[in-house]
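User: Please take a close look at a single part of this chain and describe its surroundings. I would then like to see how that part fits into the rest of the fold.

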Amino acid sequence: VQLQASGGGLVQAGGSLRLSCEASRSIFRINDMGWYRQAPGNLRELVAVITSGGSTTYADSVKGRFIIFRDNTKNTVYLQMNSLKPEDTAVYYCNGGVKVTRMSVETVYWGQGTQVTVSS
């Protein structure tokens, strides 16, 4: 199983991007799914998390600008990023707690990362 992230790119400050992250093959379920980011020289930090029931948590730095949502039928999580700032520039990673089958143990998988660059 892989989580495949996409949607990054170069955008001007104030612009928007939507990131997507989906499982590479059919699986039973993904529980919590999240987006993290890592800028050069910084530690990876939480951006947003969404539970299987739809409850969300955001980093203070993105509240009111970013929206995390998911499509459980597609095992896909999205991150809608609005009003982007240069300080949002980073590699964005998705992760998810995956149950491949009903009986399998939940395992956390990470996506490969997608670069977001916001120019001033």
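Analyst: Asn-31 has a relative accessible area of 14%, under the 20% limit, so this residue counts as buried. The model is a predicted one. Asn-31 belongs to strand 4, which covers residues 29-38. Leaving aside residues up to four places away in sequence, Asn-31 touches Ile-50, Thr-51, Ser-52, Arg-70, Gly-97, Lys-99 and Glu-106. Contact here means heavy atoms within 4.5 Å.

Two of these partners lead on to other elements. Arg-70 is a contact of Asn-31, and strand 7 spans 66-71. Gly-97 and Lys-99 also touch Asn-31, and strand 9 runs over 90-99.

Strand 9 also carries one end of the disulfide. The structure holds one such bond, and it joins Cys-21 to Cys-94 with an S to S distance of 2.0 Å. Cys-21 lies in strand 3 (residues 17-23) and Cys-94 in strand 9, so the pair ties together parts that are 73 residues apart in sequence. The torsion about the S-S bond of Cys-21 and Cys-94 is about 60 degrees, which means that the disulfide is right-handed. Both Cys-21 and Cys-94 are buried.

Strand 3 and strand 7 take part in an open sheet of four strands, with the order 1-3-8-7 and antiparallel pairing. Strand 1 (3-6) and strand 7 are the edge strands, and each of them pairs on one side only. On average, neighbouring strands of this sheet are turned by 15 degrees against each other, direction ignored. In general, the strands of a sheet pair through backbone hydrogen bonds, either parallel or antiparallel.

At one edge of the sheet, strand 7 and strand 8 pair in the antiparallel sense over six bridges. Asp-71 has Thr-76 in strand 8 as its bridge partner. The loop between strand 7 (66-71) and strand 8 (76-81) contains Asn-75. Asn-75 has a positive phi of about 50 degrees although it is not a glycine. Most residues other than glycine have a negative phi. With 14% relative accessibility, Asn-75 counts as buried.

Ser-83 sits in the loop between strand 8 and strand 9. The phi of Ser-83 is also positive, at about 50 degrees, and Ser-83 is not a glycine. The burial of this residue is another matter: Ser-83 has a relative accessible area of 41% and is partly exposed.

For the chain as a whole, there are zero helices and eleven strands. The radius of gyration is 14 Å, close to the 14 Å that the globule rule gives for 120 residues, so the chain is as compact as a globular protein of that length. Taken along the principal axes, the C-alpha atoms fill a box of roughly 50 × 25 × 25 Å.

Buried residues, among them Asn-31, make up 41% of the 120 residues in the chain. Of the contacts with a separation of 6 or more, 55% are between residues 24 or more positions apart. The chain exposes about 6,300 Å², and carbon and sulfur atoms supply 49% of that area.

How values were computed
Residues are numbered from 1 along each chain as its sequence is written. This is a predicted model: local features need pLDDT of at least 70, side-chain atom pairs count only at pLDDT 80 or more; totals for chains, interfaces and linings use all residues. Side-chain values use heavy atoms; hydrogens and water are left out. Helices (H or I, at least four residues) and strands (E, at least two) are DSSP runs, numbered from the N terminus. Buried means under 20% relative accessible area, exposed over 50%, partly exposed in between (1.4 Å probe, protein chains only). A disulfide is a pair of cysteine sulfur atoms within 2.5 Å. Two strands pair if DSSP finds at least two bridges between them. Axes are lines fitted to C-alpha atoms, for helices over the stretch in contact, and angles run from 0 to 180 degrees between N-to-C directions. The radius of gyration is taken over C-alpha atoms; the globule rule is 2.2 Å times the number of residues to the power 0.38. Accessible areas come from the Shrake-Rupley method with a 1.4 Å probe; for residues, only the protein chains shown count as cover.
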